[in-house]
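Please examine the sequence and the three-dimensional model shown here before reading on. A description of the fold and of the ligand surroundings is requested.

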Amino acid sequence: MGKTNVKPANGKLGILVVGCGAVSTTFMTGVLMARKGLAKPVGSMTQYDKIRVGRGADKKYLHYGDIVPLAKLEDIVFGTWDVYPQNAYRAAVYAEVLQEKDIYPVRDELEKIVPMKAAFDKNFAKRLDGDHVKDVKTRWEMVEALREDIKRFKKENGCDRAVVVWAASTEIFVPYEERIHGTLEALEKAMKADDREHIAPSMCYAYAALMEQAPFVMGAPNTTIDIPAMWQLAEKTRMPIAGKDFKTGQTLVKSGFAPIIGTRCLGLSGWFSTNILGNRDGLVLDEPANFRTKEVSKLSTLETILQGEEQPDLYGELYHKVRINYYPPRNDNKEGWDNIDIFGWMGYPMQIKINFLCRDSILAAPLVLDLALLSDLAARAGRWGIQRFLGFFLKSPMHDFTQNEQPVNHLFQQYTMLKNAIREMGGYEADEELD
Ligand SMILES: NC(=O)c1ccc[n+]([C@@H]2O[C@H](COP(=O)([O-])OP(=O)(O)OC[C@H]3O[C@@H](n4cnc5c(N)ncnc54)[C@H](O)[C@@H]3O)[C@@H](O)[C@H]2O)c1
């Protein structure tokens with residue numbers, strides 16, 4: 001380790017995942033299997049990537065854990081909440097992402113991960129019918145019950161620190177309203193007044209986490225922490241926040257592929273992205289109000305990479321469309337099609353087609369691990385508020401929209417930000433040298 005000032009990762013880290021569905025159980029099973037040496041955590045940057053530190057004769061390529069003090073997989077304890085009471089073993093079997101042979105060796109450990117009752121409001125996800133739900137009267141009571149859960153979980157499991165990651169269903173679209181979400185004071189007032197329209201259950205989880213000194217990560221496209229009131233709470237509690245929406249399949253491809261078009265000054269007239277998927281996530285997203293949340297997140301990617309105002313000849317007329325179709329036979333094995341209409345010299349049109357037959361939760365699981373470990377690291381490094389360096393893992397990176405800040409969606413710019421944050425926390429100089 002270099003000259004890092006980050007506090008060491010002593011003791012146990014509780015990773016509390018909201019939602020005990022396909023993504024969460026794939027993540028937990030993979031970590032438990034990796035701990036036993038029975039699986040490899042492929043796709044995880046914190047476990048595999050190496051970053052160059054130093055220059056010239058001093059240059060070295062090191063794993064993140066050799067640059068900064070990261071929590072070890074052995075030190076993780078899992079907790080969860082869900083509207084269904086099944087333990088993580090039964091939920092993993094139900095999700096049908098992993099084969100029995102990849103779950104069975106850690107069955108005992110998974111069976112001990114039993115969801116706490118969810119803070120839930122059916123109006124935010126109409127297609128879910130679970131009743132393992134907290135009996136609370138107001139949003140403020142929801143917050144208080146969740147704070148108790150986090151406190152109790154830490155105590156019972158001897159955790160020194162905790163992180164809360166949302167991997168629960170996408171809620172209906174909650175538009176930003178300045179009078180409610182603009183300040184912490186207004187948000188707290190609305191929670192106390194039980195304003196169920198503007199205060200989503202996810203906001204109660206985030207509020208409770210930050211108050212209990214746990215960083216909060218939003219893995220779905222929900223508005224939750226993407227509001228000034230939550231930025232103020234993160235500042236007040238000195239806690240990191242990151243969001244939103246795990247960047248897994250189609251958007252990962254988009255944010256890596258769009259720079260090819262932009263870098264070569266080719267034109268783009270249209271990008272049509274469509275998906276079929278059949279898991280519970282797909283079922284929830286089949287509801288128009290829930291899909292709207294996802295659509296806003298997925299659409300935001302191209303706008304900042306290929307900017308019509310900067311290059312009106314090339315991107316001024318760009319038509320971007322995203323569809324998600326619920327199709328049960330495919331379950332978690334989503335298929336994404338991208339049809340990209342580009343044009344070249346003198347405006348002559350061409351097409352590119354990308355057909356990604358992916359596995360949603362297999363792509364998402366390493367992101368949950370990386371986001372949890374890196375937000376815990378950020379907390380120990382004294383970094384609070386929006387963690388822009390975690391945008392690499394997210395479809396719609398949070399940014400201060402009240403100051404007109406533009407988010408960075410370009411995958412390779414995001415990677416530079418990630419590497420530099422690790423370098424800085426490790427006591428090395430940030431740089432943009434090519435490796
Ligand atoms: N898998 C991916 O590639 C990917 C990518 C980006 C984002 N996401 C998002 O991650 C989330 C999880 O995806 P999934 O495939 O695991 O879905 P899933 O439906 O299998 O699991 C979500 C779980 O959350 C539970 N839940 C819903 N509301 C809750 C609440 N208020 N409190 C506690 N639990 C609640 C549901 O009962 C369900 O068991 C979704 O929002 C999805 O959009 C997934």
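The report below treats the domains, the sheets, a helix pair, the ligand shell and two backbone details.

This is a predicted model, in which local features need pLDDT of at least 70 and side-chain atom pairs count only at pLDDT 80 or more, while totals for chains, interfaces and linings use all residues. Residues are numbered from 1 along each chain as its sequence is written.

## Domains

The domain assignment of the protein gives domain 1 (12–246 + 361–426) and domain 2 (249–357); such bounds come from an automatic or database domain assignment. The centres of domain 1 and domain 2, taken over C-alpha atoms, are separated by 25 Å. In the interface, 28 residues of domain 1 are in contact with 26 residues of domain 2, two residues being in contact if their C-beta atoms, placed from the backbone, lie within 7 Å. On the side of domain 1 that touches domain 2, α16 and α17 (411–425) each supply at least two residues. By class, that side of domain 1 has 12 nonpolar, nine polar and seven charged residues. Here Ala, Val, Leu, Ile, Met, Phe, Trp, Tyr, Cys and Pro count as nonpolar, Asp, Glu, Lys and Arg as charged, and the others, Gly among them, as polar.

## The two sheets

Helices (H or I, at least four residues) and strands (E, at least two) are DSSP runs, numbered from the N terminus. Two strands pair if DSSP finds at least two bridges between them.

An open sheet of seven strands follows the order β5-β4-β1-β6-β7-β8-β13, with parallel pairing. Its edges are β5 (116–117) and β13 (385–386), each of which has a single partner strand, so one side of each is left without a neighbour in the sheet. Helix α10 (residues 201–211) packs on this sheet and touches β1, β6 (159–166) and β7 (216–218). The direction of α10 makes about 160 degrees with that of β6; axes are lines fitted to C-alpha atoms, for helices over the stretch in contact, and angles run from 0 to 180 degrees between N-to-C directions.

A further open sheet has four strands in the order β10-β9-β11-β12, and its pairing is mixed. The edge strands, β10 (319–326) and β12 (349–357), each pair on one side only. From one strand to the next, the twist averages 10 degrees. Helix α12 (residues 250–263) lies across β9, β11 and β12 and runs at about 15 degrees to β11.

Three strand pairs from these sheets are set out in the table.

| Strand pair | Sense | Bridges | A residue and its partner |
|---|---|---|---|
| β1 (12–18) and β4 | parallel | six | Leu-13 and Ile-76 |
| β9 (267–277) and β11 (335–343) | antiparallel | nine | Trp-271 and Ile-340 |
| β9 and β10 | parallel | eight | Asn-275 and Ile-324 |

In addition, Ser-273 stands opposite Asp-338 in β11.

## The α1–α4 pair

The axes of helix α1 (residues 22–35) and helix α4 (residues 88–95) come within 9 Å and cross at roughly 115 degrees. Ala-22, Thr-25, Met-28 and Thr-29 of α1 make the contact with Ala-88, Ala-91, Ala-92 and Ala-95 of α4. This contact comprises six nonpolar, two polar and no charged residues.

## The ligand shell

Which residues are the closest to the ligand? They are Gly-19, Gly-21, Val-23, Ala-220 and Arg-280, within a surrounding set of 36 residues; a residue is near a molecule or strand if its C-beta atom, placed from the backbone, lies within 6 Å of it. The elements that give two or more residues to the shell are α1, β4 (76–82), α13 (280–285) and α16 (360–380). Of these, α16 gives the most, with four residues. The shell divides into 20 nonpolar, 11 polar and five charged residues. Both domain 1 and domain 2 give residues to the shell, so the ligand lies between them.

## Backbone details

Most residues other than glycine have a negative phi, and most peptide bonds are trans. A cis peptide bond, with omega of about 0 degrees, joins Gly-243 and Lys-244. Lys-244 is placed in the loop between β8 (240–243) and α12. Asp-194 has a positive phi, near 55 degrees, and is found in the loop between α9 (184–192) and α10.
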